[in-house]
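The exercises below are meant to be worked with the coordinates open, and each task is followed by a solution that proceeds step by step.

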Protein chains: 2
Amino acid sequence: MNYDDFLELVKKRRSFRRFKSDPVPKEILEKVLEAARHSPSAGNSQPWEFVVVQDVATKKSITQSITSGYKKIRKADPTMYWAVAVQPHLSTAPVLIIVCGDRRLQETYPVHLPGEVLLRQSLAISIYTLQLAAASFGLATAWATMQTELREVQIRKLLGIPDVYTVDHIVPLGYPDEEKEKSDKALRPVRERASFRRELAEIVHYEHYDMGKFRSDEKIKEFIWSKTVTRIPRIK
Amino acid sequence: MNYDDFLELVKKRRSFRRFKSDPVPKEILEKVLEAARHSPSAGNSQPWEFVVVQDVATKKSITQSITSGYKKIRKADPTMYWAVAVQPHLSTAPVLIIVCGDRRLQETYPVHLPGEVLLRQSLAISIYTLQLAAASFGLATAWATMQTELREVQIRKLLGIPDVYTVDHIVPLGYPDEEKEKSDKALRPVRERASFRRELAEIVHYEHYDMGKFRSDEKIKEFIWSKTVTRIPRIK
């Protein structure tokens, strides 16, 4: 695999928020999971397990349980651009992949390092591998972040997942409905901002940190409100 | 980019612990960083910055500062298989990439989620993209985990990195010295274990968690001591 093809795949992968109802063929689903299986992990601990849900009723229950707490969460974070959230649309994806991590495998890691971080980083990498593999088939994915005690308990209960597992993300998988995404006005600024990346010269320092590239708190605030997909000013 | 080529790249990438002294051409180094730049991140926050160190004296100072605390750390974790550690060999790689994350960008993330986790997961993904791009050129990389207050403070001081940054990992980059790696007996079990992955049937559950696949604490312990690269019994 050459570099140019890989970079093209990295650029092609993005988060999709609307899915067609077309099913994902079983052999493609398995190939996507197979790629995730070969991910690297801290100490080669392989903490990941994947619960694949395609049953319509179960998908609905998952979505409902997550979004039931939304009113309270939205109130607590009024400047968040909630249109970006994948969670309310999870049940429309033909496949949901619930990514769990076995906390007991933290015993693999050197005791002086934060085991929780290494576990979560390993899980994120397996999700990214899965997403790149999906993109190679023209499939759409997204990151639905769990990572709250409330959400994790609910998902574990719904799917019979033992307590030793953390529920890190749910990854919806399906064919992208780009028309539907385009027709949603609230998603327009998200789409526009999603492909933006800071220039290489701004993020690379040679031999030591270059203070000429340091961003003031003001600049950071400006960046967050003009470039990220979660903080977008409302047009009145 | 097709799936088979991508999977081949995923399998080809592994952590290398011995490097040839041959320099990495500047245009390849920049391509590797360019790939990392296009990684996804929570909220598109792009928290990553990379300090690229090639100066021999600076590489030595970094390595010395990290390994100076080794005696104490090794004593605190006597069952860790320390031969796997990349840190003592960092100065032999032609390039060190210090991966920093700007903590202020956590304001991008929804307040109900753990910002530190999302930041660290975003950084891990950028490192993985960088490593896959490096592998596409036949280059070797590894993960040297920082993530302790002591190490982070030392690295920040050495390279003039402001306090707002976390130092997540150092990634050595260079051409692999496979002969040297093979001749190191202590690395043999690491090499043998590094490519092992659990079977797909063991890690995938359909519709709900399958308790038939649950591993007892005993089985987890057995797995850690027979399959991971950090816990390897000493042969007497």
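**Exercise 1: contacts and overall form of chain A**

Among the contacts in chain A that join residues at least 6 apart in sequence, 80% link residues at least 24 apart. The model is a predicted one, and the task is to set this contact figure beside the extent, burial and exposed area of chain A.

*Solution.* Begin with the secondary structure, for which chain A has 10 helices and 6 strands. Next take the extent: the C-alpha trace of chain A spans about 50 × 50 × 40 Å along its principal axes. A compact globule of 236 residues would have a radius of gyration near 18 Å, and because chain A has 19 Å, the value agrees with that expectation. Turning to burial, 60% of the 236 residues in chain A are buried, while the area that chain A exposes is about 9,800 Å², of which carbon and sulfur atoms supply 54%.

**Exercise 2: strand β2 of chain A**

Determine how many residues of strand β2 (residues 95-102) of chain A are buried, and which strands pair with β2(A).

*Solution.* First, count the covered positions: 8 of the 8 residues of β2(A) are buried, where buried means under 20% relative accessible area. Second, separate the two faces: V95(A), I97(A), V99(A) and G101(A) point one way, L96(A), I98(A), C100(A) and D102(A) point the other way, and all of them are buried. Third, look for the partners. Strand β1 (residues 48-53) of chain A runs antiparallel to β2(A) and is joined to it by 6 bridges, with W48(A) standing opposite G101(A). Strand β5 (residues 165-174) of chain A also pairs with β2(A) in the antiparallel sense, over 8 bridges, and here V99(A) stands opposite H169(A).

**Exercise 3: helix α2 of chain B**

Compare the expected and actual span of helix α2 (residues 26-37) of chain B, then list its buried residues.

*Solution.* At 1.5 Å a residue, the 12 residues of α2(B) should span 16 Å, and the end C-alpha atoms are 16 Å apart, so the two agree. The buried residues of α2(B) are I28(B), L29(B), V32(B), L33(B), E34(B), A35(B), A36(B) and R37(B).

**Exercise 4: relating the two chains**

What rotation and what shift along its axis superpose chain B on chain A?

*Solution.* Two copies of a chain are related by a rotation about an axis and a shift along it. Here the rotation is 180° and the shift 0.0 Å, with an RMSD of 0.0 Å, which means that the relation is that of a two-fold axis. In chain B, the C-alpha nearest the axis belongs to Q121(B) and lies 2.4 Å from it. Finally, the same surface serves both copies, since 100% of the contact residues of chain B recur in chain A.

Definitions and conventions. Residues are numbered from 1 along each chain as its sequence is written. Chains are lettered from A and ligands numbered from 1 in the order in which they are written. This is a predicted model: local features need pLDDT of at least 70, side-chain atom pairs count only at pLDDT 80 or more; totals for chains, interfaces and linings use all residues. Side-chain values use heavy atoms; hydrogens and water are left out. Copies are superposed by least squares on the C-alpha atoms of residues with pLDDT of at least 70 in both. Contact means heavy atoms within 4.5 Å. Helices (H or I, at least four residues) and strands (E, at least two) are DSSP runs, numbered from the N terminus. The expected span of a helix is 1.5 Å times one less than its number of residues. Buried means under 20% relative accessible area, exposed over 50%, partly exposed in between (1.4 Å probe, protein chains only). The radius of gyration is taken over C-alpha atoms; the globule rule is 2.2 Å times the number of residues to the power 0.38. Accessible areas come from the Shrake-Rupley method with a 1.4 Å probe; for residues, only the protein chains shown count as cover. Two strands pair if DSSP finds at least two bridges between them.
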